[in-house]
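Biologist: Please take a close look at one part of this model, the packing of its interior. Go through it residue by residue, and say where the model should be read with caution.

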Amino acid sequence: MTRGSTLPAHPPSPLSGCLAIPAQTRTSRAPLLDGFNSAPVDEAHRTLLACLRSPSWARRVAAHRPYPTLDALLAASDEAAYDLTSGDLAEALAAETLPVLPEDVYGAAHTALSAAHAAYEARFGHAFVISLAAVPPDERLDHVLEGIRSRLANDPEDERVVAAEELRRLGKARLASRFRGTGA
């Protein structure tokens, strides 16, 4: 038995003599995302906790680095937020505060918002959260007040589901803002 190739010789490829395409690298084209991908774990956690105050969410998102694109990071954020336990959710909600109102909002609006938030917090035991990413700045106060008033009618379990969804949206919007370089 002779050693050697037992396969027949292959004819030359029709592409012989063509230039090969250089190897492609997977860069995100987003310097902030590249920095996040290469940051030490504790720094990545701090960055993530500034977006959503859930240590388990931050650990999970950080553990899946590197992210090739911002969309991949946002998808991972969503997935990790959907998996928050009720304890994780309570921890994240406890760290949230009311949305910041523009400085030119009149005093009565601050009073109305404070009263509505106090009623909400008394009923549900945590801060009211709502994502305002898609809401024009001049409509945010009305949107927040309307949201608090309508959600006060929810039973606690339904409101937990709504708050979890709003928290997920809020974290995703904060991440998008941070990594697009439009906010912190």
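**Packing of the interior**

Modeller: Apart from residues within four places in sequence, L89 is in contact with L84, R160, A164 and L167. The model is predicted, and what follows is a reading of its coordinates. L89 belongs to helix 5. Its relative accessible area is 3%, so L89 counts as buried. The C-alpha atoms of L89 and R168 lie 9.9 Å apart, although 79 residues separate the two in sequence.

The wider setting is the largest nonpolar core, which has 41 residues. Within this core, the residues with the most contacts are F36, L48, W57, L73 and L175. Two or more residues come from each of helix 1 (31-38), helix 2 (41-49), helix 3 (55-63), helix 4 (70-82), helix 5 (86-94), helix 6 (107-124), helix 7 (140-151) and helix 8 (156-179).

L73 shows how some of these residues meet. Neighbours within four places aside, L73 is in contact with L33, F36, V61, Y67, L175 and F179. Two of these partners, F36 and L175, are themselves on the list of residues with the most contacts inside the core.

F36 also has a charged neighbour. R65 lies over the face of the F36 ring, at 5.5 Å from its centre. The peptide bond that leads from R65 to P66 is cis, with omega near 5°. Most peptide bonds are trans. P66 sits in the loop between helix 3 and helix 4.

Another loop residue to follow inward is C51, in the loop between helix 2 and helix 3. With a relative accessible area of 1%, C51 is buried, because the limit for that class is under 20%. Beyond four places in sequence, C51 touches W57, L170, G171, R174, L175 and R178. W57 and L175 are again among the residues with the most contacts in the core. From C51 to A176 the sequence runs 125 residues, yet their C-alpha atoms are 9.5 Å apart in space.

The aromatic residues deserve separate treatment. Three aromatic pairs turn up in a search of the whole structure. One of them joins Y120 and F124, whose rings are tilted at 50° between the planes and lie 4.8 Å apart, centre to centre. Y120 and F124 are four residues apart in helix 6, so about one helical turn separates them. Y120 is buried, since its relative accessible area is 0%. F124 counts as buried too, because its relative accessibility is 14%. Y120 also pairs with F128, this time edge-to-face, with 85° between the planes and 5.1 Å from centre to centre. F128 has 1% relative accessibility and therefore counts as buried. Y120, F124 and F128 together form one aromatic cluster.

Two polar residues border this cluster. H117 is in helix 6 and, at a relative accessible area of 11%, is buried. The H117 side chain reaches the backbone nitrogen of F128 at 3.4 Å. Leaving out residues up to four places away, H117 touches L98, A127, F128 and I148. N154 is placed in the loop between helix 7 and helix 8. Counted in the same way, N154 touches R123, F124, E159 and V162. With E159, N154 makes a side-chain to side-chain polar contact of 2.7 Å. H117 is thus in contact with F128, and N154 with F124.

As for caution, the mean pLDDT of the protein chain is 83, and 79% of its residues reach 70 or more. Over residues 1-28, however, the pLDDT is below 50. This stretch has five contacts in the model beyond near neighbours in sequence. Where pLDDT is low, the predicted coordinates should not be read in detail.

How values were computed. Residues numbered from 1 in each chain as written. Predicted model: local features only at pLDDT ≥ 70, side-chain atom pairs only at ≥ 80, totals over all residues. Heavy atoms only, no water. Core = buried A, V, L, I, M, F, W, Y, C linked by side-chain atoms within 4.5 Å. Buried < 20%, exposed > 50% of the residue type's maximum accessible area, 1.4 Å probe, protein only. Contact = heavy atoms within 4.5 Å. pLDDT = per-residue confidence, 0-100. Phe/Tyr/Trp six-rings, centres within 6.5 Å; stacked < 30°, edge-to-face > 60°. Lys NZ or Arg CZ within 6 Å of the ring centre and 35° of its normal. Polar contact = N/O pair within 3.5 Å; in protein donor to acceptor, adjacent residues only side chain to side chain.
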